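Ready for a little structural practice at the desk? Open the model, keep the sequence beside it, and try each task before reading its solution.

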Amino acid sequence: MNRNLVANFKSQLKPGSSQLKVFSLLSDQKWHCRTYEGKQVASEQYAGGGGIQGLERGTKSRPGLHLETKRDFCNICNKKTRWDRWTGQIKPSNAPAIIPPKLADRILKLYDYKDVIANRKRPTHELVIDHRFPMQRWGKAEPSHDINMNENEIKSKFQLLKKDSAGNHNLLKSRSCERCMKTGKRGQPMGIHF
Ligand SMILES: [Zn+2]
């Protein structure tokens, strides 16, 4: 387990909040019964925005968690319940990225409207600008995006991905995470450095 990642992530959560309690529970990367353990930690908040869902989604200033869920028999509840597990990986926030239109335009042009996976030129509406989260910047507020940042900065901060049918690129990412887990390798899916 990456202790730095856990500590960094915790520092992004409000002290005493349900999200912090839920993350502390999940940080061991083991399966936890939502009905029994979850409710103990955060009662009715556990599954919603104050808990699992909010952690998974991320915010404007922190990434989301890559979580897995399953239904399985719980010996304590004595029935089938929902279980959650953190894979130990983070994923880009689903919160809308605030990229000024002028900067978005520069990013698209710099990459020549090509997504990073297939390196294929695509119409703008098929592309999504992916914001990388450099871990060393965690804990500080994300500086607002300078529309005049230089090309190296753009390349280190952003990349282009193809939108999936749901309008985002997370599906691709979780697929590549699953592949990493199956092969036991922690790769750098889509250039996100864990
Ligand atoms: Zn249970």
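Below are four exercises, each with a worked solution.

This is a predicted model, in which local features need pLDDT of at least 70, side-chain atom pairs count only at pLDDT 80 or more, and totals for chains, interfaces and linings use all residues. Residues are numbered from 1 along each chain as its sequence is written, and side-chain values use heavy atoms, with hydrogens and water left out.

**Exercise 1. Work out the strand order of the sheet, and find which strands stand at the edges.**

Step 1: Look for the strands (DSSP runs of E, at least two residues; helices are runs of H or I, at least four; both are numbered from the N terminus). Three strands make an open, antiparallel sheet in the order E1-E3-E2; two strands count as paired if DSSP finds at least two bridges between them.

Step 2: Check the edges. E1 (32–33) and E2 (64–74) each have a single partner strand, so one side of each is left without a neighbour in the sheet.

Step 3: Follow one pair. E2 and E3 (residues 79–91) are joined over 10 bridges, and Thr-69 stands opposite Asp-84 in E3.

Step 4: Add the helix. H2 (residues 18–26) packs on this sheet and touches E1, E2 and E3, where contact means heavy atoms within 4.5 Å.

**Exercise 2. Find the residues that touch the most other members of the largest nonpolar core.**

Step 1: Set the terms. Such a core is a set of buried Ala, Val, Leu, Ile, Met, Phe, Trp, Tyr and Cys residues joined through side-chain atoms within 4.5 Å; buried means under 20% relative accessible area, exposed over 50%, and partly exposed in between (1.4 Å probe, protein chains only).

Step 2: Pick out Phe-23, Leu-65 and Trp-86, which touch the most other members among the 17 residues.

Step 3: Ask who contributes. H2 gives the largest share, 5 residues.

Step 4: Zoom in on Trp-86. Beyond its neighbours within four places in sequence, its contacts include Leu-5, Phe-23 and Leu-67.

**Exercise 3. Identify the protein donors of the zinc ion.**

Step 1: Search for donors (N, O and S atoms within 2.8 Å of the metal, or 3.2 Å for Na, K and Ca; water is not among the atoms, so sites may look incomplete). The SG atoms of Cys-33, Cys-74 and Cys-77 lie 2.2 Å from the zinc ion.

Step 2: Read their spacing along the chain: C-x40-C-x2-C.

**Exercise 4. Is Cys-77 buried or partly exposed?**

Step 1: Take its relative accessibility, 22%, so Cys-77 counts as partly exposed.

Step 2: Look at Cys-74 too: at 3%, Cys-74 counts as buried.

Notes
Axes are lines fitted to C-alpha atoms, for helices over the stretch in contact, and angles run from 0 to 180 degrees between N-to-C directions.
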